[in-house]
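This briefing goes through selected local features of one protein model, grouped by topic. Please keep the sequence and the coordinates at hand while reading.

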Amino acid sequence: MKNKRLITVVVIILVYLAGAFIYGKASGEKESTSTNQTKKTTVVGVLQYVSHPALDEIYRGIKDGLKEEGLKEGENLEIKFQNGQADQSKLATMSQQLVQSDPDVLIGIATPAAQSLANTTSSIPVVLGAVTDPVGAGLVGSLEKPGGNVTGVSDQPPVASQIKLASDLLPNAKKVGILYASSEDNSKYQVAQAEEAAKKEGLEAVKYAVPSTNEIAQTVQVMSRQVDFIYVPLDNTIANAMQTVVKEANKANIPVIPSVDTMVEQGGLATIGINQYQLGLQSGKMAAELASGKEKPETTPVYMFDQGDTVINQSQADHLGITIPQSMKEKAKIITDESQQETSKEDDK
């Protein structure tokens, strides 16, 4: 009888231990699942100055740069995106909204957007996505040691190389008209560089500043009677109206030399510029590092591209009757009507 009782007690103990083991395992799995589900979501606030192909490409690159660093929307990343559409009052309001959403990092696409974010917060890291002169814009203390909560990527173009390219393509040109918006600080910086570069190439440079897009068509008409080609620096106001610039310039067969590849695709003749997508890609990667705490904005140098790509619009050259040297073609990305159509088809997919 005693043996039976002993056996019964042993069985009860074993059943209890087995049950406890199974329950513990299940609880552990639930806890693990719960932990995974509550895994930290990184919040990135993005403020874009205005919509045009160059800045849109930068934003596309930013999203891919974040993804390359392991941040994926819908999994562990939330992007809060705002577009100011070139309205300064909207930029201020949107900056406040983004800061109030308590993001891990902020990204300003173009100088006005970056300035607006920097004026709104001194604690949240701010990444410059396409700022030509970060020091001159008052955003960082220096390129090597920003010193505050702002760092990022500069889109400073090789202005001298662009003017040299124009001189090589247009050997008979004597006067260049520089078209820019008087309201954009980053443009003024490049205009000074372009004037100096033009002088070295033996060209006379004439500045044409416009206060807004409303005056661009008329200004280009005037320029077309006075200059041999038009140079457009990195300028959001002009980029937003690039089709108008090309349309008016084409009426007088005046070539347009822009600063970015997307503006060549829109009808500019040629440029040596930074790929806008790559610029965004680098901005996204830097934002991910700052959001994770791996890097600090005050000690992270502003990223500068040391070379650009030569891009030539062959269809526009044919329209203007300009012969592109074969040696130049071999080193350049050539754009034709057909290639633009193929790109458009890919974008529609």
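How many aromatic pairs does a search of the whole structure find? The search finds two aromatic pairs, and it should be kept in mind throughout that this is a predicted model. The points below begin with these pairs and then turn to backbone angles, a helix crossing, and the strands.

**Aromatic pairs**

- Tyr 59 and Phe 81 form a stacked pair, with 4.3 Å from centre to centre and an angle of 25° between the planes.
- This stacked pair links distant parts of the chain, since Tyr 59 belongs to helix α2 (residues 53-68) and Phe 81 to strand β2 (residues 77-83), with the two residues 22 residues apart.
- Tyr 59 counts as buried because its relative accessibility is 15%, where the cut-off for buried is under 20%, whereas Phe 81, at 34%, counts as partly exposed.
- Tyr 303 and Phe 305 make up an edge-to-face pair, in which the centres are 5.1 Å apart and the planes stand at 75° to each other.
- Both members of the edge-to-face pair are partly exposed, Tyr 303 with a relative accessible area of 32% and Phe 305 with one of 23%.

**Positive phi values outside glycine**

- Ala 86, a residue other than glycine, has a positive phi near 65°, and its position is in the loop between β2 and α3 (88-100).
- With a relative accessible area of 40%, Ala 86 is partly exposed.
- Ala 110 likewise has a positive phi, here near 90°, although it is not a glycine, and it is found in the loop between β3 (105-109) and α4 (111-120).
- Which class does Ala 110 fall into, buried or exposed? At 1% relative accessibility, Ala 110 counts as buried.

**Crossing of helices α2 and α11**

- Helix α2, which carries Tyr 59 of the stacked pair, also meets helix α11 (residues 276-292), and the axes of these two helices come within 6 Å and cross at roughly 40°.
- Why are α2 and α11 described as oblique to each other? Their axes cross at roughly 40°, and angles that are neither under 35 degrees, nor over 145, nor from 65 to 115 count as oblique, so this description applies to α2 and α11.
- The crossing in which α2 passes α11 is right-handed.
- Residues of α2 that make the contact include Ala 54, Ile 58, Gly 61, Gly 65 and Leu 66, while those of α11 include Tyr 277, Gly 280, Leu 281, Gly 284 and Ala 288.

**The open sheet β10-β12-β13**

- Three strands, in the order β10-β12-β13, form an open sheet whose pairing is mixed.
- β10 and β13 (333-335) are the edge strands, and because each has a single partner strand, one side of each is left without a neighbour in the sheet.
- Neighbouring strands of this sheet are turned against each other by 20° on average, with direction ignored.
- Strand β10 (residues 270-273) and strand β12 (residues 309-313) run antiparallel and are joined by four bridges; Ala 270 stands opposite Ile 312, and Thr 271 stands opposite Val 311.
- Both faces of β10 are covered, with Ala 270 and Ile 272 buried on one side and Thr 271 and Gly 273 buried on the other.
- Helix α5 (residues 159-169) lies across β10 and β12, and it runs at about 155° to β10.

**Ala 332 and its surroundings**

- Ala 332 is found in the loop between α13 (326-329) and β13, and with a relative accessible area of 17% it is buried.
- Leaving aside residues up to four places away in sequence, Ala 332 touches Thr 310 and Ile 312.
- The C-alpha atoms of Ala 332 and Ala 270 are separated by 9.6 Å, although these residues are 62 residues apart along the chain.

**Strands β6 and β7**

- Strand β6 (residues 175-181) is largely enclosed by the rest of the structure, because six of its seven residues are buried.
- β6 pairs with strand β7 (residues 204-210) in the parallel sense over seven bridges, and the bridge partner of Leu 179 in β7 is Tyr 208.

Notes. Residues are numbered from 1 along each chain as its sequence is written. This is a predicted model: local features need pLDDT of at least 70, side-chain atom pairs count only at pLDDT 80 or more; totals for chains, interfaces and linings use all residues. Side-chain values use heavy atoms; hydrogens and water are left out. Rings of Phe, Tyr and Trp (its six-membered ring) pair if their centres lie within 6.5 Å; planes under 30 degrees apart count as stacked, over 60 as edge-to-face and the rest as tilted. Buried means under 20% relative accessible area, exposed over 50%, partly exposed in between (1.4 Å probe, protein chains only). Two strands pair if DSSP finds at least two bridges between them. Axes are lines fitted to C-alpha atoms, for helices over the stretch in contact, and angles run from 0 to 180 degrees between N-to-C directions. A crossing is left-handed if the near helix is turned anticlockwise from the far one by less than a right angle, and right-handed if clockwise. Contact means heavy atoms within 4.5 Å.
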